[in-house]
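Let's take a walk through this structure together, one side chain at a time. Keep the picture open as you read, and look for each residue as it comes up.

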Amino acid sequence: MTLRKPDEPLREGERGNPIVWWQPRLLPVIPDVSDAAMEPAFGGGRNRKLKSWGHVGEHGVHWLVTRSGTPFHADPAYPRYTHHLIVRNDGFRLRGVEDPDLPPFTPGMLYCLDAHSPHQVIVDDRILSIEEMDRHGIKPLYKVQAAVDFDTVIDAELAWSLLVPLLDTEPGATAHQVAKTAPASQARKSGQAPAPCPSPAEMSSAWGLE
């Protein structure tokens with residue numbers, strides 16, 4: 001993780017909006033992603049952390065979980081494109097140097113993130129409103145997703161087919177395998193050609209979310 005500043009100029013090849021594509025889906029099953037299931041990896045407390053574990057199969061499909069968001073950063077040491085299927089989101093969203101008006105990334109949202117471009121996980125008050133947080137004295141805690149990483153963009157159908165089988169496992173059962181990030185050598189095994197990268201406006205139009 002390389003820390004960046006939101007007002008820092010983009011470097012060559014970086015995207016202002018790090019979300020390459022997104023597509024809402026219905027989860028076929030929801031594993032146990034409760035606080036108790038996350039604690040073997042994170043321990044107690046609410047301090048900000050990012051953890052990954054449970055890498056399986058040829059492409060290293062894994063659990064990727066953030067607690068209390070992330071700082072503004074980029075991940076140039078790892079495969080560029082990470083494809084996520086959200087299973088739990090207490091109230092977070094992704095932003096880059098640009099902050100486009102995307103829909104809430106609730107469970108079932110499938111998306112591709114350009115991890116080499118600066119990005120941050122921050123509170124999304126459309127999911128958990130500031131009023132609710134103030135009234136009940138609560139703050140969002142976890143964002144849990146199945147993830148798979150490649151050096152090229154893969155399309156939504158392929159990402160879905162790779163990620164959904166992980167939902168049949170229990171993340172708490174493998175949380176002792178926790179690592180800070182996915183092993184790069186495992187994540188790079190792919191002969192897939194890059195897929196087109198539609199703009200957020202094109203995705204909104206395609207899914208009737210304009």
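R25 is buried in this predicted model, with a relative accessible area of 18%, and that value falls under the 20% limit for a buried residue. You can find R25 in the loop between strand 2 and helix 1. What does its side chain meet in a salt bridge? The partner is E157, at 2.7 Å from N to O. E157 belongs to helix 3, and the two residues are 132 residues apart, so this pair links distant parts of the chain. Unlike buried R25, E157 counts as exposed, at 51% relative accessibility. R25 also lies over the face of W160, 4.9 Å from the ring centre.

From R25 it is a short step to L110, since R25 is among the residues that L110 touches. Others on that list, which leaves out residues up to four places away in sequence, include W21, W22, H84, L85, A159, W160 and L163. In soluble globular proteins, nonpolar side chains tend to be buried together. Here, the largest nonpolar core has 34 residues. L110 is one of those with the most contacts inside this core, along with W21, M38, W53, W63, L85 and L163. Several elements each supply at least two residues of the core, among them strand 2 (19-24), strand 6 (81-89), strand 8 (109-114) and helix 3 (156-163). There is also a second, separate core of eleven residues, and I19, I86, F105 and L113 are included in it.

Now turn to the aromatic rings. A pair of aromatic rings is described by the distance of the centres and the angle of the planes. The count of such pairs comes to three in this model. In one of them, the rings of F42 and Y142 have centres 5.3 Å apart and planes at 70°, so the pair is edge-to-face. F42 sits in helix 1 (residues 35-42) and Y142 in strand 10 (residues 142-150), so that 100 residues separate them along the chain. Both F42 and Y142 are buried. Together with W53, these two residues form one aromatic cluster. Another pair joins F105 and Y111: their ring centres are 5.0 Å apart and the planes meet at 50°, so this pair is tilted. F105 and Y111 are buried as well.

How many salt bridges does a search of the whole structure find? The search finds eleven. Side chains of opposite charge can pair when their charged atoms come close. Look for R126 next, in the loop between strand 9 and helix 2. The side chain of R126 meets that of D124 in a salt bridge at 2.8 Å, N to O. R126 forms a salt bridge with D101 too, where the closest N and O atoms are 3.9 Å apart. D101 lies in the loop between strand 7 (92-95) and strand 8, so its pairing with R126 ties together parts that are 25 residues apart in sequence.

Is each of these three residues buried, partly exposed or exposed? D101 is exposed, with a relative accessible area of 71%, R126 counts as partly exposed at 42%, and D124 counts as buried at 1%. Leaving aside neighbours within four places in sequence, D124 is in contact with G91, F92, R93 and P104. To finish, look for R4, E8, R11 and E14, which are linked in a network of salt bridges.

Conventions
Residues are numbered from 1 along each chain as its sequence is written. This is a predicted model: local features need pLDDT of at least 70, side-chain atom pairs count only at pLDDT 80 or more; totals for chains, interfaces and linings use all residues. Side-chain values use heavy atoms; hydrogens and water are left out. Rings of Phe, Tyr and Trp (its six-membered ring) pair if their centres lie within 6.5 Å; planes under 30 degrees apart count as stacked, over 60 as edge-to-face and the rest as tilted. Helices (H or I, at least four residues) and strands (E, at least two) are DSSP runs, numbered from the N terminus. Buried means under 20% relative accessible area, exposed over 50%, partly exposed in between (1.4 Å probe, protein chains only). A charge sits over a ring if NZ of Lys or CZ of Arg is within 6 Å of the ring centre and within 35 degrees of the ring normal. A nonpolar core is a set of buried Ala, Val, Leu, Ile, Met, Phe, Trp, Tyr and Cys residues joined through side-chain atoms within 4.5 Å. Contact means heavy atoms within 4.5 Å. A salt bridge is a side-chain nitrogen of Lys or Arg within 4 Å of a carboxyl oxygen of Asp or Glu.
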